[in-house]
Amino acid sequence: MKSDNHKISVVINTYNESKQLPESLSALNGFDEIIVCDMESTDNTVEIARNFGARIVTFPRGDNNICEVARDFAIHSASNQWVLVVDADEIVTPQLRDYLYDYIKQPDCADALSIPFLSLFMGKFSSIKTERHIRFMNQHKAYWPPKIHTRVKIDGKIGKIKAKKGLMIQHINDPSFATRINKMNRYSDYEVEKRARRKYSLSSFLFRPWFFFYKTLILKGSIRDGRRGVMKAYMEMMYQVALLGKHYEHKLKQISRK
């Protein structure tokens, strides 16, 4: 029998995720608890979750369009000390599951782990250097700020899983370009609010978008994906252009009010 300290809960935040959720839940066999924290979905997300044996907790959606506001609530709704946070369009590999269970049996394990991610882009998994996110944590050491694109705060040691075959979370959502642009537009709105007090120099306007293009294409290696890789780099560049433009527009409005 597993010790309570050697059990893992998986939490998934959802809002109208009926298309993606079944594949994600199907990959979670072997974990001790599955929690779906739903933000008042209007489709059959909750029914699907129940059919997979998940425990449902509800976080009122209100005017929120981001999942970060509910992440902290979801993490601390878990019955177990160790929590793996997964999105509804992400797949946990069996190799990663087994690694996590072996890891928490170690007497000197960290309070959280940074996990490699592999993402679909234009029909194929990208060759870009693997992204990382802190998604595995001791819930008693974790706090997730309620702002877009924020990372979980860990009061303790953070470890890192080496990028090896199978030891990753697969991001399987592959939206159309139109959807990507809409998402980029929405996210940059939130980023402007978060960065309202920051100042960007003329050199930032000249070079920042190009740096992100170069960083993605060359430093992260998306050039290995050919045309798909170039488009990935352009998307990163376009996001920075949108962010800078909206930030400057926001500053001009503040000046005009004075």
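Let me start with Arg61, which in this predicted model lies over the face of Tyr15, at 3.7 Å from the ring centre. There is another arginine to look at in the same way, namely Arg71, whose charged end sits over the ring of Trp144, 4.8 Å from the centre of that ring.

From charges over rings I would like to move on to rings beside rings, and here a search of the whole structure finds nine aromatic pairs. One of them is formed by Phe59 and Phe73, with 5.6 Å from centre to centre and 55° between the planes, and this pair is described as tilted. If you trace the chain, you will see that the pair links distant parts of it, since Phe59 belongs to the loop between strand S3 (55-58) and helix H3 (68-75), whereas Phe73 is in helix H3, 14 residues apart from its partner. As for the surroundings of Phe73, this residue is partly exposed, because its relative accessible area is 36%.

Please turn now to Phe211 and Phe212, whose ring centres are 5.8 Å apart and whose planes stand at 85°, so this pair is edge-to-face; the cut-off behind that word is an angle over 60 degrees. Which of the two, then, is buried and which is partly exposed? Phe211 is the partly exposed one, with a relative accessible area of 43%, while Phe212 counts as buried because its relative accessibility is 18%, and the limit for buried is under 20%.

Finally, please find Trp210, Phe213 and Tyr234 in the structure above, which together form one aromatic cluster.

Methods. Residues are numbered from 1 along each chain as its sequence is written. This is a predicted model: local features need pLDDT of at least 70, side-chain atom pairs count only at pLDDT 80 or more; totals for chains, interfaces and linings use all residues. Side-chain values use heavy atoms; hydrogens and water are left out. Rings of Phe, Tyr and Trp (its six-membered ring) pair if their centres lie within 6.5 Å; planes under 30 degrees apart count as stacked, over 60 as edge-to-face and the rest as tilted. Helices (H or I, at least four residues) and strands (E, at least two) are DSSP runs, numbered from the N terminus. Buried means under 20% relative accessible area, exposed over 50%, partly exposed in between (1.4 Å probe, protein chains only). A charge sits over a ring if NZ of Lys or CZ of Arg is within 6 Å of the ring centre and within 35 degrees of the ring normal.
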